[in-house]
Amino acid sequence: MSRYKFFLEKSVLEAARERVSHIFSTFDSVVVMFSGGKDSAVALELVRAEAEKRGLLPVQVVFRDEELIQDDVIDHLTKYRDYPWLNMRWYCLPMQSTKYVLGRRGRTTFWDPDRKWVRQVPPWAITTLPGLKDIKELFLGSGAGTDDL
């Protein structure tokens with residue numbers, strides 16, 4: 001399937017605002033996954049502006065803390081967390097991840113309860129999920145296949 005490039009008669013900002021407006025018009029709820037990086041910060045600011053225009057503040061925000069995050073990013077996220085126009089759910093849950101460094105593959109588990117953590121869990125973080133017996137269920141569901149985690 002070939003792809004064709006065509007140009008819109010509007011700026012990238014105008015197109016982004018239209019897309020965010022469309023999301024609000026289409027869905028019952030809007031949640032922003034926020035990493036603290038510049039891309040998700042722009043997305044969050046676009047959503048904030050649209051939510052404010054529609055009287056739908058606070059913006060619902062989710063941050064998945066992967067433990068190995070630089071202190072300046074954590075400080076930046078903490079500032080955002082304190083803004084009155086958003087409601088941030090900050091998750092610090094054990095989660096396995098594969099990392100590739102210099103051509104080598106390694107696995108690590110963020111917030112692994114069986115090792116010393118790189119930094120402490122913030123006191124406001126969500127560290128458990130109601131009704132979840134085993135954290136593995138969150139990622140693979142109950143039943144077969146959880147031994148891989």
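## A predicted chain, starting from a loop

Glu67 is found in the loop between strand 2 and helix 3, where helices (H or I, at least four residues) and strands (E, at least two) are DSSP runs, numbered from the N terminus. This Glu67 is buried, with a relative accessible area of 0%; buried means under 20% relative accessible area, exposed over 50%, and partly exposed in between (1.4 Å probe, protein chains only). Glu67 also has a positive phi of about 70°, although it is not a glycine.

A word on what you are looking at. This is a predicted model, in which local features need pLDDT of at least 70 and side-chain atom pairs count only at pLDDT 80 or more, while totals for chains, interfaces and linings use all residues. Residues are numbered from 1 along each chain as its sequence is written, and side-chain values use heavy atoms, with hydrogens and water left out.

**The chain as a whole**

The protein chain has an average pLDDT of 87, and 87% of its residues score at least 70; pLDDT is the predictor's confidence in each residue, from 0 to 100. Please take care with residues 139-149, where pLDDT stays under 50 and the model has 14 contacts beyond four places in sequence. Contact here means heavy atoms within 4.5 Å.

Along the sequence, the pattern reads α-β-α-β-α-β-β-β-α, made of four helices and five strands. Of the 149 residues, 30% count as buried. The accessible surface comes to about 11000 Å², and carbon and sulfur atoms own 54% of that; the areas come from the Shrake-Rupley method with a 1.4 Å probe, and for residues only the protein chains shown count as cover. Among contacts between residues at least 6 apart in sequence, 62% join residues at least 24 apart.

**The parallel sheet and its helices**

Three strands make up an open sheet with parallel pairing, in the order 1-2-3; two strands pair if DSSP finds at least two bridges between them. Strand 1 (31-33) and strand 3 (86-91) stand at the edges with a single partner strand each, so one side of each has no neighbour in the sheet. From one strand to the next, the twist averages 25°. Strand 2 (residues 59-64) is joined to strand 3 by six bridges in the parallel sense, and Gln60 has Asn87 as its bridge partner in strand 3.

Helix 2 (residues 38-54) packs on this sheet and touches strand 1, strand 2 and strand 3, its direction making about 160° with that of strand 2. Helix 3 (residues 71-81) packs on the sheet as well, touching strand 2 and strand 3, and its direction makes about 140° with that of strand 3. Axes are lines fitted to C-alpha atoms, for helices over the stretch in contact, and angles run from 0 to 180 degrees between N-to-C directions.

The buried residues of helix 2 are Ser40, Ala41, Leu44, Leu46, Val47, Glu50 and Ala51. They pack against helix 1, strand 1, strand 2, helix 3 and strand 3. In helix 1 (residues 12-26), the end C-alpha atoms lie 21 Å apart, which agrees with the 21 Å that its 15 residues should span; the expected span is 1.5 Å times one less than the number of residues. Its buried residues are Ala15, Ala16, Val20 and Phe24, and their cover includes helix 2.

Asn87 is a good place to look at one edge strand, since this residue is partly exposed at a relative accessible area of 34%. Leaving out residues up to four places away in sequence, Asn87 touches Pro58, Val59, Gln60 and Val61. The first of these contacts, Pro58, sits in the loop between helix 2 and strand 2, and the peptide bond from Leu57 to Pro58 is cis, with omega near 5°.

**The hairpin**

Strand 4 (residues 95-101) and strand 5 (residues 104-110) run antiparallel and are joined by seven bridges. Tyr100 stands opposite Arg105, and Lys99 has Gly106 as its bridge partner. The hairpin has two residues between the strands. Leu102 counts as exposed, at 84% relative accessibility.

**Positive phi values**

| Residue | Place | Phi |
|---|---|---|
| Gly55 | just after helix 2 | about 70° |
| Glu67 | loop between strand 2 and helix 3 | about 70° |
| Leu102 | loop between strand 4 and strand 5 | about 50° |
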